[in-house]
Amino acid sequence: MRVVFPGSFDPVTQGHLAVARRAAEMFDEVVMCVLTNPRKSGRLPLADRLALLADMTSDLANVTVDSSAGRLLVDYCREAGIGVIVRGVRTPGDLEHELPMAQTNRQLSGIETLFIPTDPAHSYLSSTLIAATAQK
């Protein structure tokens, strides 16, 4: 089965990579799809994020990297023949944010969402936190 693990990955974190590794153990192919988030100002250009993800997942034979800037994730999934979205969750707040989107995606398109709890060792990491720390 082919699944998508979407995110802005701006920047990619060890938490993202841990979720990708776990998904790669469960599924035939994992597509890490870089999306743009209009609520976040991009720090790294899209090409840099794609290259960084490809480099950081090069040891995972069944993980590929793609992008879908400016499109709905469900449209990308339909075009790519993907029926499952993988999302990592760190906190109850993440689940509170992700659950309505998962329910909407399923209602609109039939695409399911699988939530993978983040390893506790990475639960404090977020792209926003890392970017804020790097700016200081």
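Reader: To start with a loop residue, does Thr57 count as buried or exposed, and at what relative accessibility?

Author: Bear in mind that this is a predicted model. Thr57 sits in the loop between helix H2 (46-56) and S3, and leaving aside residues up to four places away in sequence, Thr57 touches Leu17, Met32, Val63 and Val65. Buried means under 20% relative accessible area, so Thr57 counts as buried, at 2% relative accessibility.

Reader: Met32 turned up among those contacts. Which residue in S3 is the bridge partner of Met32?

Author: Strand S2 (residues 29-34) and S3 pair in the parallel sense, over 5 bridges. Thr57 touches Val65 as well as Met32. In S3, the bridge partner of Met32 is Val65.

Reader: And what does Met32 of S2 pair with in S1?

Author: S1 and S2 also pair in the parallel sense, this time over 6 bridges. Strands of a sheet pair through backbone hydrogen bonds, either parallel or antiparallel. The residue bridged to Met32 of S2 is Phe5.

Reader: Zooming out, in what order do the strands form the sheet?

Author: The sheet is open and has 5 strands, with parallel pairing. Its edge strands, each pairing on one side only, are S3 (63-67) and S5 (112-117). From one strand to the next, the twist averages 30°. The order is S3-S2-S1-S4-S5.

Reader: How many residues of S1 are buried?

Author: Helix H3 (residues 73-80) lies across S1 (2-7), S2, S3 and S4 (84-89). The direction of H3 is at about 155° to S1. S1 is mostly covered, and the count of buried residues is 5 of 6.

Reader: What pattern does the protein chain follow along the sequence?

Author: The protein chain has 5 helices and 5 strands. Among contacts between residues at least 6 apart in sequence, 79% join residues at least 24 apart. Read along the sequence, the pattern is β-α-β-α-β-α-β-α-β-α.

Reader: What percentage of the residues in the protein chain count as buried?

Author: On the outside, the protein chain exposes about 7500 Å², with carbon and sulfur atoms supplying 55% of that area. The protein chain has 136 residues, and the share that counts as buried is 40%.

Reader: Let's go to the loop after S1. Which residues does the cis peptide bond join?

Author: Pro11 lies in the loop between S1 and helix H1 (14-26). The bond in question has an omega of about 0°. The cis peptide bond joins Asp10 and Pro11.

Reader: What is the phi of Phe9 near, and is Phe9 buried or exposed?

Author: Phe9 has its place in the loop between S1 and H1. Because its relative accessibility is 2%, Phe9 counts as buried. The phi of Phe9 is a positive value in a residue other than glycine, near 45°.

Reader: Where in H4 does the kink lie?

Author: Helix H4 (residues 92-109) lies across S4 and S5, at about 160° to S5. H4 has 18 residues and reaches 25 Å from its first C-alpha to its last, close to the 26 Å expected at 1.5 Å a residue. The kink in H4 is about 30° and comes shortly before the proline Pro100, at Glu98.

Reader: Which residues of H4 are buried?

Author: An α-helix has 3.6 residues a turn, so residues three or four places apart point the same way. The buried residues of H4 pack against H3, S4 and S5. They are Asp94, Glu98, Ala102 and Asn105.

Reader: What separation do the C-alpha atoms of Phe115 and Glu98 have?

Author: Phe115 lies in strand S5. Setting aside residues up to four places away in sequence, Phe115 touches Arg87, Val89, Leu95, Glu98, Leu99 and Ala102. Phe115 and Glu98 are 17 residues apart along the chain, and their C-alpha atoms are separated by 8.9 Å.

Reader: How does Phe115 count at 24% relative accessibility?

Author: The cut-offs are under 20% for buried and over 50% for exposed, with partly exposed in between. At 24% relative accessibility, Phe115 therefore counts as partly exposed.

Reader: Last one: which residue just after H4 takes a positive phi?

Author: H4 covers residues 92-109. The phi just after H4 is about 80°, and the residue is Gly110.

Methods. Residues are numbered from 1 along each chain as its sequence is written. This is a predicted model: local features need pLDDT of at least 70, side-chain atom pairs count only at pLDDT 80 or more; totals for chains, interfaces and linings use all residues. Side-chain values use heavy atoms; hydrogens and water are left out. Two strands pair if DSSP finds at least two bridges between them. Helices (H or I, at least four residues) and strands (E, at least two) are DSSP runs, numbered from the N terminus. Axes are lines fitted to C-alpha atoms, for helices over the stretch in contact, and angles run from 0 to 180 degrees between N-to-C directions. Contact means heavy atoms within 4.5 Å. The expected span of a helix is 1.5 Å times one less than its number of residues. The bend at a residue is the angle between axes fitted to the seven residues ending there and the seven starting there. Buried means under 20% relative accessible area, exposed over 50%, partly exposed in between (1.4 Å probe, protein chains only). Accessible areas come from the Shrake-Rupley method with a 1.4 Å probe; for residues, only the protein chains shown count as cover.
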